[in-house]
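Colleague: I'm new to this one and would like to learn how to read its salt bridges. Could you walk me through them?

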Amino acid sequence: MENDKGIYIGKNILLLISLSLNFFLMAMIYLIDDEKNINNLDWFHFSILDKDESISNVEGMSRGIRNNNPLNIRYSPSNKWLGEVEKKHDYDFEEFISIEYGFRAAYKTLMTYRDKHNIKTIERIIFRFSPPNENDTENIIKKLSIMSGIPRDKIIENDEYPIIIKNMAIIESGNSFPMKIIKKSISIK
(Lines give C-alpha, C1' and ligand atoms only; values in the text may rest on other atoms or scores of the structure.)
Protein backbone atom coordinates (compact mmCIF):
# COMPACT_ATOMS: atom_id res chain seq x y z
CA MET A 1 0.00 0.00 0.00
CA GLU A 2 1.41 3.41 -0.94
CA ASN A 3 0.75 6.74 0.67
CA ASP A 4 2.43 10.13 0.38
CA LYS A 5 5.06 9.13 2.99
CA GLY A 6 6.24 5.92 1.33
CA ILE A 7 5.31 2.26 1.27
CA TYR A 8 3.38 0.75 4.19
CA ILE A 9 4.05 -2.90 5.03
CA GLY A 10 1.69 -4.48 7.55
CA LYS A 11 2.75 -6.46 10.62
CA ASN A 12 1.68 -9.77 9.07
CA ILE A 13 3.82 -9.22 5.98
CA LEU A 14 6.83 -8.20 8.10
CA LEU A 15 6.31 -11.27 10.28
CA LEU A 16 6.12 -13.50 7.20
CA ILE A 17 9.31 -11.97 5.78
CA SER A 18 11.06 -12.35 9.13
CA LEU A 19 9.97 -15.98 9.53
CA SER A 20 11.00 -16.78 5.96
CA LEU A 21 14.46 -15.33 6.50
CA ASN A 22 14.71 -17.09 9.85
CA PHE A 23 13.68 -20.40 8.26
CA PHE A 24 16.21 -19.93 5.47
CA LEU A 25 19.00 -19.19 7.96
CA MET A 26 18.04 -22.18 10.12
CA ALA A 27 17.92 -24.44 7.06
CA MET A 28 21.35 -23.29 5.93
CA ILE A 29 22.84 -23.82 9.38
CA TYR A 30 21.14 -27.21 9.61
CA LEU A 31 22.53 -28.29 6.26
CA ILE A 32 26.01 -27.09 7.15
CA ASP A 33 25.96 -28.00 10.83
CA ASP A 34 24.42 -31.39 11.37
CA GLU A 35 27.41 -33.32 12.60
CA LYS A 36 29.73 -31.66 10.03
CA ASN A 37 31.57 -29.69 12.70
CA ILE A 38 30.88 -26.03 12.16
CA ASN A 39 33.19 -24.65 14.80
CA ASN A 40 31.64 -21.61 16.40
CA LEU A 41 27.98 -20.67 16.41
CA ASP A 42 28.22 -18.35 19.42
CA TRP A 43 27.27 -15.48 17.09
CA PHE A 44 23.97 -17.20 16.38
CA HIS A 45 21.12 -16.76 18.84
CA PHE A 46 17.73 -18.13 17.85
CA SER A 47 14.76 -16.64 19.64
CA ILE A 48 11.28 -16.13 18.25
CA LEU A 49 10.13 -13.62 20.85
CA ASP A 50 11.85 -10.96 22.83
CA LYS A 51 10.70 -11.16 26.43
CA ASP A 52 8.43 -8.10 26.06
CA GLU A 53 6.91 -8.90 22.66
CA SER A 54 3.20 -9.59 22.45
CA ILE A 55 2.00 -13.04 21.42
CA SER A 56 -0.61 -11.43 19.18
CA ASN A 57 2.18 -10.65 16.69
CA VAL A 58 2.94 -14.33 16.09
CA GLU A 59 -0.49 -15.91 15.69
CA GLY A 60 0.55 -18.32 12.93
CA MET A 61 3.31 -20.01 14.94
CA SER A 62 2.91 -23.18 16.94
CA ARG A 63 2.45 -22.73 20.66
CA GLY A 64 5.83 -24.30 21.42
CA ILE A 65 7.58 -21.81 19.15
CA ARG A 66 5.62 -18.81 20.47
CA ASN A 67 6.61 -19.86 23.99
CA ASN A 68 10.24 -20.72 23.12
CA ASN A 69 9.28 -24.12 24.57
CA PRO A 70 9.83 -26.54 21.67
CA LEU A 71 8.76 -29.64 23.64
CA ASN A 72 5.66 -27.95 25.12
CA ILE A 73 6.57 -28.52 28.77
CA ARG A 74 3.52 -27.97 30.95
CA TYR A 75 3.52 -24.95 33.27
CA SER A 76 3.93 -25.63 36.97
CA PRO A 77 4.30 -22.81 39.49
CA SER A 78 6.63 -25.05 41.51
CA ASN A 79 9.17 -25.11 38.64
CA LYS A 80 11.51 -22.14 38.69
CA TRP A 81 13.24 -22.55 35.33
CA LEU A 82 16.33 -20.64 34.34
CA GLY A 83 15.30 -18.33 31.49
CA GLU A 84 11.56 -18.17 32.30
CA VAL A 85 9.73 -15.09 31.06
CA GLU A 86 8.77 -12.62 33.76
CA LYS A 87 5.30 -11.88 32.37
CA LYS A 88 3.41 -15.04 31.36
CA HIS A 89 0.82 -15.14 28.58
CA ASP A 90 0.21 -18.90 28.55
CA TYR A 91 -0.73 -20.47 31.88
CA ASP A 92 -0.86 -24.02 30.49
CA PHE A 93 2.71 -24.21 29.18
CA GLU A 94 6.10 -22.87 30.22
CA GLU A 95 7.43 -19.78 28.43
CA PHE A 96 11.11 -18.94 28.02
CA ILE A 97 13.06 -15.87 26.94
CA SER A 98 14.81 -17.83 24.19
CA ILE A 99 14.62 -21.21 22.51
CA GLU A 100 17.90 -22.22 24.18
CA TYR A 101 16.29 -22.07 27.62
CA GLY A 102 13.37 -24.12 26.31
CA PHE A 103 15.77 -26.82 25.13
CA ARG A 104 17.64 -26.64 28.43
CA ALA A 105 14.38 -27.23 30.32
CA ALA A 106 13.56 -30.17 28.03
CA TYR A 107 16.94 -31.73 28.76
CA LYS A 108 16.56 -31.15 32.52
CA THR A 109 13.11 -32.76 32.37
CA LEU A 110 14.46 -35.87 30.64
CA MET A 111 17.38 -36.05 33.08
CA THR A 112 14.89 -35.92 35.99
CA TYR A 113 12.93 -38.75 34.37
CA ARG A 114 16.16 -40.74 34.05
CA ASP A 115 17.75 -40.02 37.43
CA LYS A 116 14.75 -39.69 39.73
CA HIS A 117 12.15 -41.98 38.11
CA ASN A 118 14.37 -44.50 36.27
CA ILE A 119 12.69 -43.65 32.94
CA LYS A 120 15.32 -44.42 30.30
CA THR A 121 13.55 -45.59 27.13
CA ILE A 122 11.57 -43.79 24.44
CA GLU A 123 8.49 -45.80 25.40
CA ARG A 124 8.61 -44.83 29.07
CA ILE A 125 9.57 -41.20 28.36
CA ILE A 126 6.62 -40.69 26.04
CA PHE A 127 4.15 -42.47 28.35
CA ARG A 128 5.10 -39.93 31.01
CA PHE A 129 5.62 -36.87 28.78
CA SER A 130 2.62 -37.42 26.48
CA PRO A 131 0.16 -39.56 28.47
CA PRO A 132 -2.61 -41.50 26.69
CA ASN A 133 -5.37 -39.44 28.32
CA GLU A 134 -4.14 -36.38 26.34
CA ASN A 135 -2.30 -37.81 23.30
CA ASP A 136 -1.97 -40.64 20.80
CA THR A 137 0.93 -41.96 22.89
CA GLU A 138 1.51 -45.15 20.92
CA ASN A 139 1.76 -43.23 17.64
CA ILE A 140 4.20 -40.74 19.19
CA ILE A 141 6.38 -43.59 20.49
CA LYS A 142 6.47 -45.22 17.04
CA LYS A 143 7.18 -41.92 15.29
CA LEU A 144 9.97 -40.92 17.72
CA SER A 145 11.59 -44.34 17.49
CA ILE A 146 11.60 -44.23 13.68
CA MET A 147 12.80 -40.62 13.50
CA SER A 148 15.61 -41.11 16.01
CA GLY A 149 16.63 -44.59 14.89
CA ILE A 150 16.49 -45.72 18.53
CA PRO A 151 14.32 -48.75 19.39
CA ARG A 152 11.43 -47.90 21.71
CA ASP A 153 12.61 -50.23 24.50
CA LYS A 154 16.38 -49.57 24.28
CA ILE A 155 17.96 -47.75 27.22
CA ILE A 156 18.98 -44.35 25.90
CA GLU A 157 22.70 -43.54 26.08
CA ASN A 158 23.82 -40.12 27.34
CA ASP A 159 24.90 -38.99 23.87
CA GLU A 160 21.49 -39.95 22.40
CA TYR A 161 19.45 -37.49 24.47
CA PRO A 162 20.08 -34.57 22.07
CA ILE A 163 18.75 -36.78 19.23
CA ILE A 164 15.63 -37.57 21.28
CA ILE A 165 15.11 -33.87 22.10
CA LYS A 166 15.62 -32.80 18.46
CA ASN A 167 12.97 -35.26 17.26
CA MET A 168 10.56 -34.55 20.12
CA ALA A 169 10.73 -30.86 19.11
CA ILE A 170 9.74 -31.79 15.55
CA ILE A 171 6.78 -33.82 16.85
CA GLU A 172 5.69 -31.25 19.46
CA SER A 173 6.34 -27.96 17.63
CA GLY A 174 6.69 -28.88 13.98
CA ASN A 175 10.19 -27.40 13.74
CA SER A 176 13.60 -28.94 13.24
CA PHE A 177 16.47 -27.21 14.97
CA PRO A 178 20.20 -27.64 14.29
CA MET A 179 21.88 -30.09 16.64
CA LYS A 180 24.42 -27.39 17.48
CA ILE A 181 21.72 -25.24 19.10
CA ILE A 182 20.36 -28.18 21.09
CA LYS A 183 23.81 -29.17 22.34
CA LYS A 184 24.64 -25.56 23.20
CA SER A 185 21.33 -25.25 25.05
CA ILE A 186 21.71 -28.34 27.19
CA SER A 187 25.14 -27.17 28.32
CA ILE A 188 23.72 -23.96 29.87
CA LYS A 189 24.32 -24.20 33.60
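**Reading the salt bridges**

Modeller: Let's start with one pair: Glu 123 and Arg 152 form a salt bridge, with their closest N and O atoms 2.8 Å apart. Glu 123 sits in helix H4 and Arg 152 in the loop between H5 and helix H6 (161-173), so this pair links distant parts of the chain, 29 residues apart. Bear in mind that the model is predicted.

Colleague: Is Glu 123 buried, exposed or partly exposed?

Modeller: The cut-offs help here: under 20% relative accessible area is buried, over 50% is exposed, and partly exposed is in between. Glu 123 has 26%, so it is partly exposed. Arg 152, at 23%, counts as partly exposed too.

Colleague: Which residue does Lys 88 form a salt bridge with?

Modeller: That's Glu 95, and the closest N and O atoms are 3.1 Å apart. Go back to the cut-off: Lys 88 is at 13%, so it counts as buried. Glu 95 is buried as well, at 5%.

Colleague: And what does the salt bridge between Arg 74 and Glu 134 tie together?

Modeller: Their side chains meet at 3.4 Å, N to O. Arg 74 lies in the loop between helix H2 (63-66) and helix H3 (99-117), and Glu 134 in the loop between helix H4 (122-129) and helix H5 (137-148), so the pair ties together parts 60 residues apart in sequence. Arg 74 is partly exposed at 43%, and so is Glu 134 at 48%.

Colleague: How many salt bridges are there in the whole structure?

Modeller: A search finds eight. There is also a network of salt bridges, which links Arg 63, Asp 90 and Asp 92.

Methods:
Residues numbered from 1 in each chain as written. Predicted model: local features only at pLDDT ≥ 70, side-chain atom pairs only at ≥ 80, totals over all residues. Heavy atoms only, no water. Salt bridge = Lys/Arg side-chain N within 4 Å of Asp/Glu carboxyl O. Helix = DSSP H or I, 4+ residues; strand = E, 2+ residues; numbered from the N terminus. Buried < 20%, exposed > 50% of the residue type's maximum accessible area, 1.4 Å probe, protein only.
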